[in-house]
Amino acid sequence: MINIIIVSEKMAKPKTLGIFESLGVVLALILVPVVLTLLFITPQQVIKTQGVKAILPPHLRGAMLSTQSHLDAYAKQIGELQARILRLDAQNQRLSKLAGIKTSAEPINERTSVNEVIGQGGPLVKDAPLSEEDLKATIEQMSADLDFRDEYQGKIEAKLLLKSVLREMLPNSSPVDAAYSSSSYGWRIDPLSGHRAFHEGLDFPAASGTPVYAAADGIVSTAVQTSDYGNLLKIDHGSGLETRYAHNSRLLVKAGERVTKGQKVALIGSTGRSTGPHLHYEIRLNGNPLDPREYLRNHS
């Protein structure tokens, strides 16, 4: 064990440093002369062009580069999120006009409307770069802003479809006599991986064997078993509209069969990538997922 005792005229008694404090002092006493020596022997032109990193040992220089690359990755992610937000704002503005929605009455979040930009400015005082924690917080906030915009876009799409010639084909009845998990569509923590992931449908928890019904008239396009969806049923409703019913214990119809709204087509189960008995239900338009809650809500 290393003990360093400091005695000063201003102290009433000697102060003893612990092992970690002692090691810190020893390392400082070793490193300071090394750095000063390197400063003297390294050409000034090298220091000017390459910075202080030029005098550091390779392993310390690598640590600095690793930290910088980490921060650069965060900055790149922020740039990508900003670009996505701008694109979504432009799309939502066009869709709002088509749907006849006044954007000033439909805020994209708690502060701004879809085409409103907050005015900001002022003199630059005590400018400082963002820390890693600051960058993480910024990314988290921007991700939340994206969620607001995605949800807003889903509402506009639903209003447009309800006004279109497709409104009679819309799958607007519940596929099962059970309540759905209201937060299951959109970004969530995946129950199996524990990571943040986008969930493209609604989950209806119910007992195994509970009947599943067709949400609208259509033709069965797929009736197969897959690793993710389990026993999967797809029904084509025409004009690019499709519903999907996943994790079933049993499929009651085959590909090519015509089904009617409210017809029993499957039984709930827990096949595929599932944590328990439930129906995973999706609505898609030309392959793109729609928020089923908007159509069930409009129907009710």
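Author: Relative accessible area sorts residues into three classes: buried is under 20%, exposed is over 50%, and partly exposed is in between (1.4 Å probe, protein chains only). The model is predicted: local features need pLDDT of at least 70, side-chain atom pairs count only at pLDDT 80 or more, and totals for chains, interfaces and linings use all residues. Residues are numbered from 1 along each chain as its sequence is written, and side-chain values use heavy atoms, with hydrogens and water left out.

Reader: How many aromatic pairs are there?

Author: A pair of aromatic rings is described by the distance of the centres and the angle of the planes. Here rings of Phe, Tyr and Trp (its six-membered ring) pair if their centres lie within 6.5 Å; planes under 30 degrees apart are stacked, over 60 edge-to-face, and the rest tilted. The count by this rule is five aromatic pairs. Trp 187 and Phe 198 are edge-to-face because their ring centres are 5.5 Å apart and their planes are at 80°. This pair links distant parts of the chain, with Trp 187 in strand β3 (residues 186-189) and Phe 198 in strand β4 (residues 196-199), 11 residues apart. Strands are DSSP runs of E, at least two residues, and helices are runs of H or I, at least four; both are numbered from the N terminus.

Reader: Are Trp 187 and Phe 198 buried or exposed?

Author: Neither word fits: Trp 187 counts as partly exposed at 34% relative accessibility, and Phe 198 counts as partly exposed at 32%. Phe 204 and Tyr 281 also form an edge-to-face pair, 6.3 Å centre to centre with 70° between the planes. Phe 204 lies in strand β5 (residues 202-205) and Tyr 281 in strand β12, 77 residues apart. Both Phe 204 and Tyr 281 are buried. Ring pairs join Tyr 180, Phe 204, Tyr 245 and Tyr 281 in a cluster.

Reader: In what sense do β3 and β4 pair?

Author: Two strands pair if DSSP finds at least two bridges between them. β3 and β4 pair in the antiparallel sense, over four bridges. Trp 187 stands opposite Phe 198 in β4. The two strands form a hairpin with six residues between them, and Gly 194 in the turn has a positive phi of about 80°.

Reader: Which residues have the most contacts inside the largest nonpolar core?

Author: In soluble globular proteins, nonpolar side chains tend to be buried together. A nonpolar core is a set of buried Ala, Val, Leu, Ile, Met, Phe, Trp, Tyr and Cys residues joined through side-chain atoms within 4.5 Å. The largest has 28 residues, and Tyr 245, Val 265 and Leu 279 have the most contacts inside it. Elements giving two or more residues to this core include α4 (132-163), β9 (241-251) and β12. The largest share, four residues, comes from β12.

Reader: Where does His 280 lie?

Author: His 280 lies in strand β12 (residues 278-285). With 6% relative accessibility, His 280 counts as buried. Contact means heavy atoms within 4.5 Å. Beyond its neighbours within four places in sequence, the residues in contact with His 280 include His 199, Asp 203, Tyr 229, Arg 244 and His 247. A polar contact is a pair of N or O atoms within 3.5 Å; within protein, one must be able to donate a hydrogen and the other to accept it, and residues adjacent in sequence count only if both atoms are side-chain atoms. The side chains of His 280 and Glu 282 are joined by a polar contact of 2.7 Å.
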